Structures are given as structure tokens and as C-alpha cells.
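Please read the following account with the sequence and the structure side by side. It is written for a reader who meets this protein chain here without earlier acquaintance.

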Amino acid sequence: MPESDLIVRAMANDASFRVIATRSSLTAKGTVQSQSPDGKQSNPLLGALGDLCTGVLLIRETMAPQLRVQGIVKNKKTKHTLVADSRPDGNTRGLIAANNATGEFSLDGALLQLMRTLHDGRLHQGLIELDGGASISSALTAYMYTSEQIESMIRVETILEDGVVTGAGGYLIQLLPEVGKGPVMLMEQRHADLAHLRELVDKPDFTPKTIVEELLYGMPMTWLEESKIRYGCWCSRESVLSSLASLPRKEVEELARDEEVLEIDCDYCHEEYQIRPIELQGLLTPN
Ligand SMILES: [Zn+2]
């Protein structure tokens with residue numbers, strides 16, 4: 001596996017397509033490991049988390065490279081929730097919540113929600129309901145069309161061996177407004193041909209540039225900026241304290257009265273924070 005993850009972008013010179021592609025192997029690996037250190041969770045669950053991380057990265061790079069994007073997959077039937085969270089500095093993290101989960105995770109009937117911050121600080125969000133044949137790739141494509149009015153073709157892949165990610169990557173082809181019918185048919189064919197993305201991503205020397213070159217083959221094109229991405233959590237004492245502050249006042253009062261030091265885990269990276277009761281009293285400012 002290469003030492004760092006990469007996301008690249010390119011555009012066809014005739015303004016027909018923009019392509020964003022990534023090798024996200026280490027990002028998906030770190031995220032999956034943070035939620036399943038023993039690798040014992042099921043492959044469909046861990047694979048969906050890896051795919052969601054890669055997908056959220058691609059959508060952030062397309063829609064809001066300077067802003068944060070979060071993706072949430074929630075299956076109310078099986079009681080699984082997956083979150084992928086990506087920041088403009090390239091740090092990306094994720095979590096699996098499976099309290100009282102019943103049976104195997106599946107995307108059938110799940111909801112995909114994407115949230116991104118707009119430049120004025122407001123939150124833009126969209127929701128898609130997934131059906132039986134859905135994948136994270138098809139759900140993200142549907143989200144882009146219905147919620148962002150962007151026509152795209154998306155494919156993400158996560159390779160797992162014994163619960164450990166050995167490769168991950170994906171691409172997003174954005175159809176720009178000027179694109180003609182002929183080029184769209186050609187691109188649909190190339191997108192279909194890239195069904196072998198799994199094999200590419202599985203190779204140790206895989207680079208996302210290969211994907212772009214394959215998709216834009218024979219078209220005059222320009223490389224745009226590329227950036228590094230990684231698994232990383234940005235939790236802090238402050239973020240842990242502020243999440244405690246959102247508990248009902250009575251509960252905070254009880255915790256603050258207690259003599260014992262609270263040990264609180266970050267849900268994303270499982271870093272442990274020790275909070276002294278005295279620190280909680282600071283949260284109890286008069287209403
Ligand atoms: Zn953390």
C-alpha cells in the first residue's frame with residue numbers, strides 16, 4: 001500500500017466532463033480499524049463504511065472542497081448507523097453505531113443523508129431512500145442528481161481481507177452543462193467498462209491518475225490541483241465538553257456532583273478523555 005492517499009482532478013478541455021478520482025486505501029483502512037479493531041464485524045458493514053468514506057471525499061472535492069461534508073447511512077430496520085465525516089484539510093473519520101442492532105447490516109431500506117456547510121455557514125442537506133439493489137455508489141449518484149442537480153457517474157470500491165481494508169478508491173464523473181449526447185454515451189460505456197475498478201484498487205501500485213486517463217482517453221484534458229487525504233480525527237477536550245453540555249441539565253448536575261473522574265471515549269477514534277467533575281460545573285452556567 002502506498003504511504004499516503006491522494007485525490008486528483010482533471011477536466012476535458014471542451015468543458016464536457018470533470019473527473020475526480022481517489023486512492024483512499026489508508027483513509028478507509030484507518031476508519032474501518034477505528035470502528036472494528038478486531039476485524040470481526042461483517043464485511044457488508046465494514047465495506048459500506050469504507051465506501052461511504054470514499055464517496056464523501058469525492059463529493060466534498062466536487063461540491064465543497066473548502067468545506068466539511070458528512071454522510072450518514074441509517075437502516076432503521078437493522079438499527080445500524082454509519083457516518084463518514086471529511087474536512088477540507090483532508091482529515092476524514094467515520095463511525096458505526098450498532099446499539100441493539102438486529103441481524104446483518106443491509107442497505108435495503110436504508111436512508112442516505114448528506115450534509116455540507118455552505119459558504120455562509122448554513123447547512124445544506126439532502127436525503128435519499130435506498131432500495132434492495134442499491135449500493136453506496138448508486139445512492140451517491142442519486143443524491144447528486146436529486147439534491148444537488150448534478151448529473152454524475154460514481155463508483156467506489158473497498159477491498160477487505162479478514163475485516164481489514166487492503167485497498168479502496170473511486171471516482172466521480174461530473175457531466176458539465178455543455179456536454180453533448182455523443183460524448184455522454186461514450187462516457188457511459190467507459191463507466192461501464194470500469195466495473196473492474198476493484199482489480200485496479202487491489203493493486204499495490206494503484207494510482208487514481210490511471211482512472212482519469214482511462215475515462216478521458218483521447219480527449220484533450222487539463223490536470224487540476226491534487227491533494228492528500230488521510231484518516232484522522234479532530235476531537236479535543238473542548239469538543240468532548242461541548243457534547244456533554246448538550247445533555248439535559250439534570251444529568252450534567254448529577255455528574256458534576258459525583259466525585260469520580262469521568263472517562264469519555266471519542267466515538268470516532270476512541271481516544272479517552274478524563275473529565276474532572278469541576279470542569280462540568282463550568283457547563284452549569286445559569287439558564
Ligand atoms: Zn477522536
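The paragraphs below treat a pair of helices, a further helix, and then two individual residues. The model is a predicted one.

Two packed helices are described by the angle between their axes and the distance between the axes. For helix α2 (residues 43-63) and helix α3 (residues 136-148), the axes come within 10 Å and cross at roughly 30°. Because angles under 35 degrees count as roughly parallel, α2 is described as roughly parallel to α3. The crossing in which α2 passes α3 is right-handed. On the α2 side, the residues that take part are Ala48, Asp51, Leu52, Gly55, Ile59, Thr62 and Met63. They meet Ile136, Leu140, Tyr143, Met144 and Glu148 of α3.

The next helix is α6, which comprises residues 208-215. Its buried residues are Pro208, Ile211, Val212 and Leu215. These residues lie on the same side of α6, because they cover an arc of only 95° around the axis. An α-helix has 3.6 residues a turn, so residues three or four places apart point the same way. The buried residues of α6 are covered by elements that include the strands β1 (5-12), β2 (17-23), β9 (164-175) and β10 (221-223). Helices α4 (181-193) and α5 (197-201) also belong to this cover.

Between β1 and β2 runs a loop, and Ser16 lies in it. Is Ser16 buried or exposed? Ser16 has a relative accessible area of 3% and is therefore buried, the cut-off for that term being under 20%. Through its side chain, Ser16 makes a polar contact of 2.6 Å with the side chain of Asp14. When neighbours within four places in sequence are left aside, the residues in contact with Ser16 are Gln174, Leu175, Leu176 and Val179. Of the elements already named, β9 spans residues 164-175.

The second individual residue is Asp85, located in strand β4 (residues 80-86). Asp85 counts as buried because its relative accessibility is 0%. Which side chain is joined to that of Asp85 by a polar contact of 2.8 Å? The partner is the side chain of Arg68. Arg68 also appears among the residues in contact with Asp85 once neighbours within four places in sequence are set aside. The others in that list are Val69, Gln70, Asn91, Thr92, Arg93, Trp234 and Tyr268. As for Ser25, it is separated from Asp85 by 60 residues in sequence and by 16 Å in space, taken from C-alpha to C-alpha.

Note on methods
Residues numbered from 1 in each chain as written. Predicted model: local features only at pLDDT ≥ 70, side-chain atom pairs only at ≥ 80, totals over all residues. Heavy atoms only, no water. Buried < 20%, exposed > 50% of the residue type's maximum accessible area, 1.4 Å probe, protein only. Helix = DSSP H or I, 4+ residues; strand = E, 2+ residues; numbered from the N terminus. Arc of directions from axis to C-beta. Contact = heavy atoms within 4.5 Å. Polar contact = N/O pair within 3.5 Å; in protein donor to acceptor, adjacent residues only side chain to side chain. Axes fitted to C-alpha atoms, helices over the stretch in contact; angles between N-to-C directions. Parallel < 35°, antiparallel > 145°, perpendicular 65-115°, else oblique. Left-handed = near helix turned anticlockwise from the far one by under 90°.
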